[in-house]
Amino acid sequence: MKHKLLIILLIIIFSSLALYAKEYAVSYLNSTRKDHLPIHKIDGKNYVNIYDIERTFDGSIEVDQITQTVELKIFDQLMTFSFFNNWVHFGKTSYNLHNDIEIIDGFFYVPEYFINLCANKFFPDAVILDNGSIIVHFASMEKYLIKTIVLDPGHGGKDSGAVGRHFGTYEKDIVLKITKKVKALLEQNLDVKVLLTRSDDRFVSLGDRTEFANEQHADIFVSIHCNAAYNTKANGSEVYYLSTAQTHEARAVEAMENEVIKFEDPESIKRYKDLDFILYDMRQTEYLNESSELSDMCQKELTRNLGTKDNGVRQANFYVLRGAFMPAILVEVAYLSNKNEEKKLRTDDFQNRAAKAIYVSLKQFKEKYDKMN
Ligand SMILES: [Zn+2]
């Protein structure tokens, strides 16, 4: 009986959590960066998840289970919350949050009033509240530079991706090689941190790829693939960014790259179709201009360096791009289904040139956006 009650209680808590009361749109002064800070209703009161605050303000969190406190550091200032208590300690002063800190499912929720305190008391120069939206102003320009790039070699493990018909080449092997070459070029020549969603032959779900990029606060996400088509004559290079697929061909590629979800468990498949992903989708649309620009740069460099047919920049609705909160593109280097291109894709020289093309476009994009700030 007790268990039943607990389950009912949990359901009520979760369903009330799922209903976003509203959210703050977050923008950053002198930057293309954008974010959202959701507001959660708990017992009818407005709360914000402390991890959303951490992300929004590029902060850090330390939880101490022994003293039952949470330390949040934002704008280089430390503040302390106590579990199930309505005070925040900032400097030598304590401020009343009017409602207790809540802990649900391991997440800490602080009363929305904390945002008002940040804007009005703690960081009036850095946090500006404007009609339900937040404008963040980091004093250090460091925050605006493109510093972290996540490269995503498509497929892996049980998912081989496209398979070449003439030499039995696996897409997962070729794209991993190209990706590692891009990483080496970026690290040798640019002051950036480069992270891979996989660096060996393993299966990584589509959701985990972008989740990783989000967790690492990546500034750019690049998914690298080889194309395939029923028509063995099809050839050339294409770069995609997110949208609902525009053309018949784009829809075919979209169907192929999204097919990987058949390897994933039913739970995660359900997740892609959930409202959550629609929200993610909306977030990604905020980066459409930047993604489209990076696509143009990459497409130009690919065809120039590889001498491949220019199939143009395209838009498609790839699951792997949908969860990324940053400019994100998907590169189809060339066609594994085309005998001539499969042969080329296997060579070190062609892989080097593909890597160089992707690297040069990232360099151009970084130089442009770093200078703007
Ligand atoms: Zn692929």
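These exercises with worked solutions go through a predicted model of a protein.

Residues are numbered from 1 along each chain as its sequence is written, and side-chain values use heavy atoms, with hydrogens and water left out. Because the model is predicted, local features need pLDDT of at least 70 and side-chain atom pairs count only at pLDDT 80 or more, while totals for chains, interfaces and linings use all residues.

**Exercise 1. The whole protein**

Task: State how many helices and strands there are in the protein, and what percentage of its residues count as buried.

Solution.
- Step 1. The protein has twelve helices and 18 strands. Helices (H or I, at least four residues) and strands (E, at least two) are DSSP runs, numbered from the N terminus.
- Step 2. Of the 373 residues, 50% count as buried. Buried means under 20% relative accessible area, exposed over 50%, and partly exposed in between, with a 1.4 Å probe and protein chains only.
- Step 3. Among contacts with a separation of 6 or more, 68% are between residues 24 or more positions apart. Contact means heavy atoms within 4.5 Å.

**Exercise 2. The zinc ion**

Task: Find which residues coordinate the zinc ion, and say which parts of the chain His155 and Glu257 tie together.

Solution.
- Step 1. The zinc ion is coordinated at 2.1 to 2.4 Å by His155 (NE2), Glu171 (OE), His225 (ND1) and, twice, Glu257 (OE). Donors are N, O and S atoms within 2.8 Å of the metal (3.2 Å for Na, K and Ca); water is not among the atoms, so sites may look incomplete.
- Step 2. Along the sequence, the spacing of the donor residues is H-x15-E-x53-H-x31-E.
- Step 3. His155 lies in the loop between strand 13 (148-153) and helix 4 (171-189), and Glu257 lies in helix 6 (residues 248-258), so this pair ties together parts that are 102 residues apart in sequence.
- Step 4. Both His155 and Glu257 are buried.

**Exercise 3. An open sheet**

Task: Give the order of the five strands in the open sheet, and explain why one side of strand 4 and of strand 8 is left without a neighbour.

Solution.
- Step 1. The order is 4-5-6-7-8, with antiparallel pairing. Two strands pair if DSSP finds at least two bridges between them.
- Step 2. Strand 4 (60-64) and strand 8 (93-96) stand at the edges, each with a single partner strand, so one side of each has no neighbour in the sheet.
- Step 3. From one strand to the next, the twist averages 25 degrees. Axes for such angles are lines fitted to C-alpha atoms, for helices over the stretch in contact, and angles run from 0 to 180 degrees between N-to-C directions.
- Step 4. Six bridges pair strand 5 (residues 69-74) with strand 6 in the antiparallel sense. Glu71 has Thr80 in strand 6 as its bridge partner.
- Step 5. These two strands form a hairpin with two residues between them, and Phe75 in the turn has a positive phi of about 50 degrees.
- Step 6. Strand 6 (residues 77-82) is joined to strand 7 (residues 87-90) by three bridges. Thr80 stands opposite His89, and Phe81 stands opposite Val88.
- Step 7. The hairpin of strand 6 and strand 7 has four residues between the strands, and Phe84 takes a positive phi near 50 degrees there.

**Exercise 4. Two serines**

Task: Decide whether Ser82 is buried or exposed, and do likewise for Ser295.

Solution.
- Step 1. Ser82, in strand 6, has a relative accessible area of 19% and is buried.
- Step 2. Beyond its neighbours within four places in sequence, Ser82 is in contact with Gln68, Thr69, Trp87, His89 and Ile101.
- Step 3. Ser295, in helix 9 (residues 288-306), has a relative accessible area of 0% and is buried.
- Step 4. With neighbours within four places in sequence left aside, the contacts of Ser295 are Val239, Tyr240, Tyr241, Val313 and Ile329.
- Step 5. From Ser295 to Pro327 there are 32 residues in sequence and 9.7 Å in space, C-alpha to C-alpha.
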